[in-house]
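The exercises below are meant to be worked through with the sequence and the model open side by side. Each one sets a task and then gives a solution in steps.

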Amino acid sequence: MEIILPEEVMTIIEYLERAGHKAFCVGGAVRDSIMGLTPGDWDITTSALPHETTEIFKDFRTIDTGLKHGTLTVIINRKPFEVTTFRIDGEYGDNRHPESVEFTRDIKNDLARRDFTVNAIAYSKADGIVDLYGGRDDIYNGIIRTVGNPDKRFREDGLRIMRALRFSATLGFKIEETTAKAIHRNKELLKNISVERIAVELTKLICGKNAFNILMEYPDVFSVFIPEIKSAVSFTQYGEKHAYDVWEHICHTVDTIPADKTLRLTMLLHDLGKVPTHKLNEKGDSTFKNHAAVGGEMAKEILTRLKFDKKTINRVSFLVGCHDFEPPETKTELKHHLKVKTPEDIRTLLIIKKSDRGALSEKYRDISEGTAQTLKWLQEIEENNECCTLKDLAVTGKDINAAGITGEDVGKALNVLLDAVIEGKVQNKKSHLLTYLL
Ligand code: ATP
Ligand code: MG
């Protein structure tokens with residue numbers, strides 16, 4: 001089998017081979033090429049020791065990415081390529097790299113340290129495919145399996161638990177049974193892994209095409225770092241509206257919303273507020289008063305704990321906090337929403353509502369009519385610059401002031417005027433507004 005290598009990768013391998021070393025591309029790029037996908041980045045692995053690699057590429061722009069661990073980044077055509085010496089890893093600590101590494105001249109040892117069979121394939125033009133662990137068969141059969149004993153491999157580095165779930169979710173592969181059992185058995189190891197690294201894997205995972213199955217099969221794993229999930233699993237929702245328990249409903253919504261980080265995180269967290277707000281009404285149906293607002297607070301707490309960036313925390317908790325938004329019945333009602341939400345907010349909330357409703361019972365699923373109408377009104381409002389916010393009003397605080405109103409009453413007056421304009425009681429013209437007020 002031949003893999004088409006980018007010209008830069010061929011150059012790097014040629015330089016290393018000309019100096020008498022072995023060199024291969026390895027890992028994700030080989031896996032993706034065999035699958036017919038376009039690799040994101042190309043990693044090169046070599047028998048050359050770090051000081052030899054540095055010497056060989058002395059005429060190139062390079063970055064010392066982690067020479068201690070054997071990695072030099074070589075820049076060609078402004079693109080970075082990581083060149084790493086074959087190595088045997090020591091214990092992994094909390095960090096990105098193992099605490100100690102030993103360099104080796106044998107590719108066999110290097111492949112043995114890699115996490116999954118599908119990631120442990122090397123390729124060079126000179127040697128062809130080097131596949132010592134059945135990685136190609138696992139790719140063809142769509143299987144994630146650790147290289148060697150899964151318990152041992154997860155104990156070395158607990159992050160591999162999340163990586164297994166992530167690769168299964170993104171590649172659409174099944175996790176082989178002994179690897180799957182070891183994931184459940186060793187999940188607590190994730191407590192030793194930095195939350196930033198877990199968050200990166202979680203984000204990629206929920207954006208994967210197979211996220212539904214992974215979320216359904218491994219809630220115990222997710223509960224290790226989001227304990228709020230545990231109580232949502234099998235949490236029954238009574239009433240004809242509901243088709244699933246809270247967690248299964250969540251999983252369906254993650255699955256159906258577009259694969260965008262913010263949207264998927266929002267759906268993952270959107271209904272966790274249902275557990276603490278659940279009550280039964282006199283008919284015996286579930287009610288979840290205020291669950292969106294409560295969920296918004298929970299989302300903020302969870303994402304802060306997982307050290308997501310501020311922008312993501314704010315956006316996701318905002319969206320969770322108002323995911324109970326329904327397509328408005330009238331254009332006036334929509335304008336009242338627009339006092340505090342942007343048109344983009346509304347468009348996003350409509351996307352959220354579509355997948356949220358899609359995971360209720362059949363009768364409640366279709367909101368296409370309300371959605372289409374809302375989008376049409378939004379477009380009109382934007383095209384005609386119709387007044388929906390204080391900024392759009394034809395008077396300012398200064399004008400109100402000049403009319404003799406002071407202090408807190410200025411703000412109140414502006415809001416009264418905005419409501420009056422939205423409801424069509426007065427035209428948005430300065431003289432009309434001031435007359436209306438006085
Ligand atoms: P992606 O498409 O996400 O880049 P990848 O397979 O290239 O997938 P990387 O995180 O870039 O994943 O790592 C490159 C390679 O290094 C992997 O394919 C794997 O062989 C090895 N590797 C990465 N992280 C680990 C780990 N925690 N334990 C063992 N091997 C690992
Ligand atoms: Mg990679």
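**Exercise 1: Arg 163 and its surroundings**

Find the residues that Arg 163 touches in this predicted model, leaving aside its neighbours within four places in sequence.

Solution. Step one is to apply the contact criterion, heavy atoms within 4.5 Å, and this gives Asp 115, Phe 116, Asn 119 and Glu 201 as the residues in contact with Arg 163 once neighbours within four places in sequence are left aside. Step two is to place Arg 163 itself, which belongs to helix 7. Step three looks at Ser 124, which is 39 residues from Arg 163 along the chain, and here the two C-alpha atoms are separated by 26 Å.

**Exercise 2: The shell around ligand 1**

Describe which residues surround ligand 1 and which parts of the protein they come from.

Solution. Begin with the count: 16 residues surround ligand 1, and the closest are Arg 31, Asp 157, Arg 160, Arg 163 and Arg 166. Sorted by character, the shell consists of eleven charged, three polar and two nonpolar residues.

Next, take the individual polar contacts with oxygen atoms of the ligand. A polar side-chain atom of Arg 31 is 2.8 Å from an oxygen atom of ligand 1, while for Arg 163 an N or O atom in the side chain lies 3.0 Å from a ligand oxygen. Asn 119 takes part through its backbone, where a polar atom is 3.0 Å from an oxygen atom of ligand 1. The protein as a whole covers 82% of the 580 Å² of accessible area that ligand 1 has on its own.

Finally, trace the shell back to the fold. Two or more residues come from each of helix 2 (28-34) and helix 7 (159-171), and helix 7 gives the most, with four residues. Domain 1 (1-135) and domain 2 (142-221) each supply at least three residues of the shell.

**Exercise 3: Domain 3 against domain 4**

Work out how domain 3 (226-386) and domain 4 (390-437) meet, given that the protein is also divided into domain 1 and domain 2.

Solution. First, the centres of domain 3 and domain 4, taken over C-alpha atoms, are 33 Å apart. Second, the contacts involve five residues of domain 3 and five residues of domain 4. Third, the area buried between these two domains is about 430 Å², with carbon and sulfur atoms giving 61% of it. On the domain 3 side, Lys 335, His 336 and Lys 339 lose the most area to domain 4, together making up 72% of what that side buries.

How values were computed
Residues numbered from 1 in each chain as written. Chains lettered and ligands numbered in written order. Predicted model: local features only at pLDDT ≥ 70, side-chain atom pairs only at ≥ 80, totals over all residues. Heavy atoms only, no water. Near = heavy atom within 4 Å. Polar contact = N/O pair within 3.5 Å; in protein donor to acceptor, adjacent residues only side chain to side chain. Areas by Shrake-Rupley, 256 points an atom, 1.4 Å probe, with all protein chains shown as cover. Nonpolar A, V, L, I, M, F, W, Y, C, P; charged D, E, K, R; others polar. Domains from an automatic or database assignment. Buried area = accessible area lost by both parts, 1.4 Å probe.
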